[in-house]
Amino acid sequence: MRNTHQSSERNRMARSERELPPAPRRQQARFEDLPEYKQVLTQKIASEQLGIANPFYRPHQTAAGATTMIDGRKLINFASYDYLGLNRHAHVLERARETIAGFGISASASRLVAGERPQHVELEEKIAQFYGVDAAVCFVSGYLTNVAAISCLMGPKDLVIHDEFIHNSALAGIKLSGATRRFFKHNDTADLEHVLRTVAGDYRRILVIVEGIYSMDGDVANLPALLKLRAEYGFWLMVDEAHSLGVLGRHGRGLAEHFGADPHEVDIWMGTLSKTTSSCGGYIAGSAALAAVLKASAGGFVYSVGLAPVLAASAVASLDILASEPERTAAVRRNGSLFLKLAKEAGLDTGLSGGFSVVPVIVGDSLRAVQLSNDLLAAGNVLPIIHPAVPEGQARLRVLHHLRPHRGTDPPHRHIGAERLKDLTDRNFGLGRVDIEKMLSALSAC
């Protein structure tokens, strides 16, 4: 064997010493030449032409909540995920301080090898108990939760069917999985059934993904109809509860409580820890077998550092408050319902929203939405959602609701908003006013 190895090595060296043809010269692409960068520049140049200030990445000078501080001014905040007002709650802060004192900031390792902490177990048990299911597993990012779970459970022999407006993180997970992807019309279970009926191919597994409250439109998934289809067609049902945990249901337990359904009938509950629970990270809840599979095989869990102990403990504290003070959930729903009513009275287009945590004000043109956001900054901090987060022509201001008393002129001064939007529309302010030749000239000079 030694002689064979030595002979093989001599042959390898002889081949490597032969004269090879020169490699073709290849021009490495510059980041400045990427079409993605050109798209960024296009938006920047169009905004500069119309004198529109950039509303994104404005630094906030205080903790997130129902109010904020920007440039030294206190503003009503309609862009925060702190739905139940727990980000600065005394119990949450005290639990965070205690945990930092005992465990520092970071878990400093993957949970599998050396990063497991009591707070992880406590949080996962708390989430499972809150949902009324067997087990849960937590990840360090809400986005990563969808990517890791979907790519772990699904593969090239499988099919994923999703709502056309599903979150980008789910799309990334589907792409990574290699599964076949189909979508159905937004929140349309009749169209979902049509897709299920026309499925061609022998798929190993089928997964249907919806959101409890849709993050851009604010409407609620029709869980009873989905469960009926699940029973008839035999698929896994996954519900993303990022914006519905703490908001739907009498006790804030989400979509199942909202409809009075058995939570065990949903195969995969997914959610984030950055909204109702005022922390950071994400979770999957369901059967004990599901949690075991993810802890053993999901790359985003196995090969990622464990959730920071302080974040896990803070989420536990938030869930404790939610369980003991369900009136917070009721207050958020009242605020959302009031805003929806006032916005409609003012003639604003609120789309499909049910008036819960998310109420959009549909503007249409992306540049017009950005300018409207800037115009309203004196009244409150409300951010635009533009292409590619939503299709061009569907740009909007997204108003998020929190635990705070609403007044008639609150959020964000609806008559001011309606008047500013009418003025911008009457002036055809937006993409139609951009000088295309001037923009192309500026792009070519970059």
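**Entry 1: strand pairing**

I count two strands as paired if DSSP finds at least two bridges between them. With that in hand I went to I268 and looked for its bridge partner in β9, which is G286. I keep in mind that this is a predicted model.

I then took the strands as wholes. Strand β9 covers residues 282-286. It pairs with β8 in the antiparallel sense, over 5 bridges. I next turned to strand β7, residues 236-240. β7 and β8 run parallel and are joined by 3 bridges. Which residue of β8 is the bridge partner of M238? I found I268. So I268 has a bridge partner in β9, G286, and is itself the partner of M238.

**Entry 2: burial of β8**

Is β8 enclosed or open? I checked residues 268-272 against the cut-off for buried, under 20% relative accessible area. 5 of the 5 residues are buried, so the strand is largely enclosed by the rest of the structure.

I also noted which way the residues point. I268, M270 and T272 point one way from β8. W269 and G271 point the other way. Both sets are buried. In a regular strand, side chains alternate between the two faces of the sheet.

**Entry 3: the record**

I looked up the UniProt entry, which is unreviewed. It lists residues 74-399 as "domain: Aminotransferase class I/classII large". In the model I find that span to be 43% helix and 17% strand. Its end C-alpha atoms lie 18 Å apart.

**Entry 4: the largest pocket**

I get a volume of about 1,100 Å³ for the largest pocket. It is lined by 37 residues, and N54, P55, F56, P384 and I386 are the closest to its centre. Which elements give two or more residues to this lining? I list α2 (35-49), α15 (366-375), β12 (383-385), β13 (395-400) and α17 (436-444). The largest share comes from α2, with 8 residues. By class I count 22 nonpolar, 10 polar and 5 charged residues in the lining.

**Entry 5: the second largest pocket**

I get a volume of about 390 Å³ here. The lining of this second largest pocket has 15 residues. Nearest its centre I find I166, N168, P388, A389 and V390. The classes come out as 8 nonpolar, 3 polar and 4 charged.

Where does the lining come from? I traced at least three residues to each of domain 1 (60-83 + 357-437) and domain 2 (90-322).

Terms used: Residues numbered from 1 in each chain as written. Predicted model: local features only at pLDDT ≥ 70, side-chain atom pairs only at ≥ 80, totals over all residues. Heavy atoms only, no water. UniProt positions renumbered as here; feature names shortened; annotations may be inferred. Helix = DSSP H or I, 4+ residues; strand = E, 2+ residues; numbered from the N terminus. Buried < 20%, exposed > 50% of the residue type's maximum accessible area, 1.4 Å probe, protein only. 1 Å grid on protein atoms, 1.4 Å probe; cavity = no way out; pocket = protein on both sides within 12 Å on 5 of 7 lines; lining within 4 Å. Points joined across faces, edges and corners; volume = space filled by probe spheres on them. Nonpolar A, V, L, I, M, F, W, Y, C, P; charged D, E, K, R; others polar. Domains from an automatic or database assignment.
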